[in-house]
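User: I'd like to go through the wording used for this fold. Can you show me what sits behind the terms?

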Amino acid sequence: MIESIISYGLAMGAAYALIAVAYNVMFSTSRVFSFTAGALGMLGGVCGALFIDRLGLPGVVGLLATLAFCAVVGVVTEFVAVRPVLRSLDQHLYVLSTLALCLMIQQFTAIEWSTVPQPFPQLIPVDLLGIRERFWMPVVACVLVVGGLELLYRHSMIGRAFLAIAEDNFAARALGLPERGLRVASYALAGAIGGLAGFASGGIMLAFFANVSPFNFYGFIPVALGSIGNNRGAIVAGIALGLFQQAANFLVGGVFSSVAVFSVFIVALLIVPQGLFGAPPARRV
Amino acid sequence: MSLTRRGVLYGSLGVAAAGLSAGRARAAGEPIRLGWLTALTGPNSAPGIGFNRAVVYAAEKINAAGGVNGRLIEVITRDTQGDPAKAVNAAVEMASNVKVHAVFGPTNSGESLATTPIFARFKVPSLQVVQLDNLIDPEKYPNAFRFAPNNSQWDDANRHYILDILKAKKIAVIGDNTGYGTTAVGVSVANFKKAGAEVVYDAVIDANAQDTTPNLLRARSAGADVVAVWSDSTGLNARMMNARGQIGWDVAFCGHPALGSGDVARLLEKPAYWEKVYLVGYRSCTFDANGKLPARTQAFIDEVKGKIQLNDTTLYWIVAAIDGVNLVADAVAKSGSSDSEAIIGAWNKLTKWPGLFGDITFTPQQHNGYPTDEVVMSLANSAHDGAFTLAPGYA
């Protein structure tokens with residue numbers, strides 16, 4: 001039981017954490033929660049199966065093609081569902097526009113791909129330290145993304161520009177930073193991260209059009225719990241969510257595990273509304 | 001020969017007269033309009049595509065033989081795309097504008113629930129194949145007839161196999177959290193208890209659950225010696241079979257026809273995980289232990305070889321659709337009319353009508369016409385040519 005909780009819990013937690021990071025990366029440059037994050041996760045699994053299993057591409061090429069495709073979907077999201085509603089952010093029209101695009105992607109996938117889950121190919125036929133690929137791959141992907149983002153944000157000009165825009169959009173623009181270009185780049189990056197989440201967890205989640213909802217819902221919980229925009233918080237909250245969800249599967253079982261997850265989520269937000277890693281909002285006087 | 005004005009005039013009059021007389025002949029042999037509603041595109045279109053091949057074939061065969069009492073069958077098809085709203089629109093159009101004489105379909109429960117009251121209001125004779133129990137009610141819908149098994153008949157066959165053939169005593173019942181799965185689990189548990197069996201574990205699982213090991217471990221701890229599975233989610237079914245194999249639990253899975261889907265096979269980690277899995281099937285579409293289909297079905301397959309594509313569909317969809325068209329044609333032939341009352345009256349008197357799918361019997365009080373003893377269990381991993389092999393233990 002413990003083995004199953006840890007293996008499934010860590011793997012799914014890492015996948016949720018990656019989706020949460022995709023949410024955060026898009027949010028940081030646009031102040032928009034794009035609900036296409038779940039669609040990106042779903043596409044990661046479907047594209048991986050399509051490129052590797054059906055088209056016979058080598059695993060690495062299939063992975064790169066998947067990331068490139070999902071990055072393009074990220075860019076399309078920015079152009080189609082985000083840019084047109086940015087001027088009226090306070091009306092939250094992005095909820096409608098990004099959800100609509102997400103549903104379109106899901107329906108298109110259902111029609112063109114399949115309405116039943118399809119197998120995701122095993123890339124490495126041997127276990128790593130006795131652990132099966134489907135369990136270690138999401139965790140490794142998560143570690144690589146965290147490391148990559150740290151390098152990008154701390155040691156590159158473009159990363160610092162991302163941070164500047166996330167910190168103060170208007171000030172960054174006044175300093176001459178290409179806000180629009182950086183926003184498009186952040187959506188491409190988020191697309192690749194979301195796609196990687198689906199690709200890495202494909203062995204567990206399979207290549208299935210209906211994976212959009214679990215990725216969207218369970219991927220958003222670490223965003224809120226880990227404090228909005230905080231990638232480190234998202235990773236910790238994502239892993240905790242995965243472990244708790246799998247433990248709940250064993251302890252309460254069936255559909256009640258979802259109830260348990262959302263109950264704890266609500267209670268946690270009642271206690272710390274700003275998230276586990278956020279500072280309480282300053283009160284204006 | 002020169003073309004004169006008078007010649008053209010006489011010629012035109014002749015053509016017009018010929019057209020008029022042909023029109024009268026057509027009116028005398030007004031086609032029998034059969035409404036056919038199914039999902040031909042969209043996510044749930046696989047059954048509809050299979051059914052449709054047979055509907056077209058059956059109508060063409062009848063028409064090629066001169067029709068029914070000299071009247072051709074005109075199939076009016078509407079693609080519902082699996083959407084109840086589209087099915088409702090098509091039903092209203094068929095009943096009020098096209099004025100169909102009878103209707104077959106829709107072929108999924110959600111759409112049928114929505115369209116059955118419409119066809120009842122317009123008194124259109126309606127043939128159903130969906131499993132939902134409460135869809136057929138001769139008092140509420142005297143025009144609606146089902147010539148395929150309902151959920152209760154599936155459950156009866158499954159329970160009979162588990163208790164009387166496998167001789168299992170302690171049962172686990174697992175389904176998915178869809179409306180269908182939840183209802184089926186409830187009904188199955190109640191019927192097992194009524195039959196004196198001990199239900200040691202029952203659960204409703206998220207249809208998209210990634211890990212079903214916790215549920216199977218619980219069922220094993222509870223002492224279950226068989227698992228009744230009620231889910232049409234191929235992903236969930238395959239995950240349960242994988243989990244059963246990984247925990248090394250040697251029990252039979254018995255239940256929903258989706259257990260034998262080719263999509264399940266693709267998701268299994270080992271082919272051996274598909275052993276000891278039995279699904280609900282139909283004697284008419286089941287190979288016996290010698291690999292032979294019933295003679296009536298085999299004769300049909302020989303007849304349609306090269307005419308209906310069978311290798312990518314399910315045989316029961318094909319034979320059921322053939323029966324659907326023939327039931328309408330037969331009712332018009334026997335009653336001599338395509339009026340609503342005539343067709344419904346003919347169906348109400350049907351006794352052991354020899355269909356390809358099964359021998360159908362309707363009475364004014366019973367519009368579920370499929371014989372329960374024709375519902376049998378089959379080996380899940382035995383599919384070929386759209387049919388399965390009979391599960392072991394039957395006489």
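**Helix packing and the sheet in chain B**

Analyst: Let's start with a helix contact in this predicted model. In chain B, helix 2 contributes B:Pro47, B:Gly50, B:Phe51, B:Arg53, B:Ala54, B:Val55, B:Ala58, B:Ala59 and B:Ile62, and these meet B:Trp317, B:Ile318, B:Ala321, B:Ile322, B:Gly324, B:Val325, B:Asn326 and B:Ala329 of helix 11. By class, that contact has 13 nonpolar, three polar and one charged residues.

User: Why is helix 2 of chain B called oblique to helix 11 of chain B?

Analyst: The two pack at an angle of about 40°, with their axes 8 Å apart. Roughly parallel needs an angle under 35 degrees, and roughly perpendicular runs from 65 to 115. The angle fits neither, so helix 2 of chain B is oblique to helix 11 of chain B. Their crossing is right-handed.

User: What makes strand 7 and strand 14 of chain B the edge strands?

Analyst: The open sheet has six strands in the order 7-6-8-9-10-14 (chain B), with mixed pairing. Strand 7 (198-205) and strand 14 (375-379) of chain B each pair on one side only, and that makes them the edges. The twist averages 25° from one strand to the next.

User: How do you know that strand 8 and strand 9 of chain B pair?

Analyst: Pairing takes at least two bridges. Four bridges join strand 8 (residues 226-230) of chain B to strand 9 (residues 252-255) of chain B, so they count as paired, and they run parallel. One of the bridge partnerships is B:Val229 with B:Gly255 in strand 9.

Conventions: Residues are numbered from 1 along each chain as its sequence is written. Chains are lettered from A and ligands numbered from 1 in the order in which they are written. This is a predicted model: local features need pLDDT of at least 70, side-chain atom pairs count only at pLDDT 80 or more; totals for chains, interfaces and linings use all residues. Axes are lines fitted to C-alpha atoms, for helices over the stretch in contact, and angles run from 0 to 180 degrees between N-to-C directions. Angles under 35 degrees count as roughly parallel, over 145 as roughly antiparallel, 65 to 115 as roughly perpendicular and the rest as oblique. A crossing is left-handed if the near helix is turned anticlockwise from the far one by less than a right angle, and right-handed if clockwise. Two residues are in contact if their C-beta atoms, placed from the backbone, lie within 7 Å. Ala, Val, Leu, Ile, Met, Phe, Trp, Tyr, Cys and Pro count as nonpolar, Asp, Glu, Lys and Arg as charged, and the others, Gly among them, as polar.
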